[in-house]
Amino acid sequence: MTDLDASNIASGADMTHENVVFIHGFLSSSVIWSDKIIPHLPVPMNSSYRLFAVDLLGFGRSPKPRHCLYTMADHLKAIEESVLQRYELHNIHLVAHSMGCIVSLALAAAHPNSIKTITLVAPVSTNLLSKISTNLSSV
């Protein structure tokens, strides 16, 4: 699979620091985090955490493969290979918006020992989330 675009905003932080992965919503990109939110975080956070703003498969600067169905499994595999494995991420805090919330929950279900916290900003409806949560075990 082609690599996702993941901007490592705090490249000065070392491997012992905790990591924050920002996942955008539908019809958006990592720019919402990297240009609009992260610059306004307190300076100590930038030096204490490694911050990653991810472009989901098919969005922003990430690849848009024609052969892909863009399933949850496709998104998870792309994040795992391009972000979690490449940067050896553990101790992860997920921050997600809209559709990114669903991807974050699936990521947390797939990596329960690595995810420390999940912050959902404007998640999809709770009815939809409950239906999805029953299917996460198959991801």
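**Briefing: histidine 24, the nonpolar cores and a salt bridge**

A polar atom of the histidine 24 side chain lies 3.0 Å from the backbone nitrogen of leucine 56, a polar contact (a pair of N or O atoms within 3.5 Å; within protein, one must be able to donate a hydrogen and the other to accept it, and residues adjacent in sequence count only if both atoms are side-chain atoms). The model is predicted: local features need pLDDT of at least 70 and side-chain atom pairs count only at pLDDT 80 or more, while totals for chains, interfaces and linings use all residues. Residues are numbered from 1 along each chain as its sequence is written, and side-chain values use heavy atoms, with hydrogens and water left out.

**Overall architecture**

- The protein comprises 5 helices and 5 strands, taken as DSSP runs numbered from the N terminus (helices H or I, at least four residues; strands E, at least two).
- Their order along the sequence is β-β-α-α-β-α-β-α-β-α.
- Of the 139 residues, 41% are buried (under 20% relative accessible area; exposed is over 50%, partly exposed in between; 1.4 Å probe, protein chains only).
- Among contacts (heavy atoms within 4.5 Å) with a separation of 6 or more, 74% join residues 24 or more positions apart.

**Surroundings of histidine 24**

- Histidine 24 is situated in the loop between strand 2 and helix 1 (31–37).
- Its relative accessible area is 0%, so histidine 24 counts as buried.
- Leaving aside residues up to four places away in sequence, histidine 24 touches residues including Trp33, Asp55, Leu56, Phe59, His97 and Met99.

**Nonpolar cores**

- The largest nonpolar core (a set of buried Ala, Val, Leu, Ile, Met, Phe, Trp, Tyr and Cys residues joined through side-chain atoms within 4.5 Å) has 20 residues, and those with the most contacts inside it include Val21, Ile23, Ile92 and Leu107.
- Two or more residues each come from strand 2, strand 3 (49–55), helix 3 (72–85), strand 4 (92–97) and helix 4 (99–110).
- Helix 4 gives the most to this core, with 5 residues.
- Another core, of 7 residues, lies apart from it and includes Val20, Phe22, Leu51 and Ala53.

**Salt bridge**

- The structure holds 1 salt bridge (a side-chain nitrogen of Lys or Arg within 4 Å of a carboxyl oxygen of Asp or Glu).
- Glutamate 18 and lysine 116 form this pair, with their closest N and O atoms 2.6 Å apart.
- The pair links distant parts of the chain, 98 residues apart: glutamate 18 belongs to strand 2 (residues 18–23) and lysine 116 to strand 5 (residues 115–121).
- Glutamate 18 is partly exposed at 22% relative accessible area, and lysine 116 is also partly exposed, at 45%.
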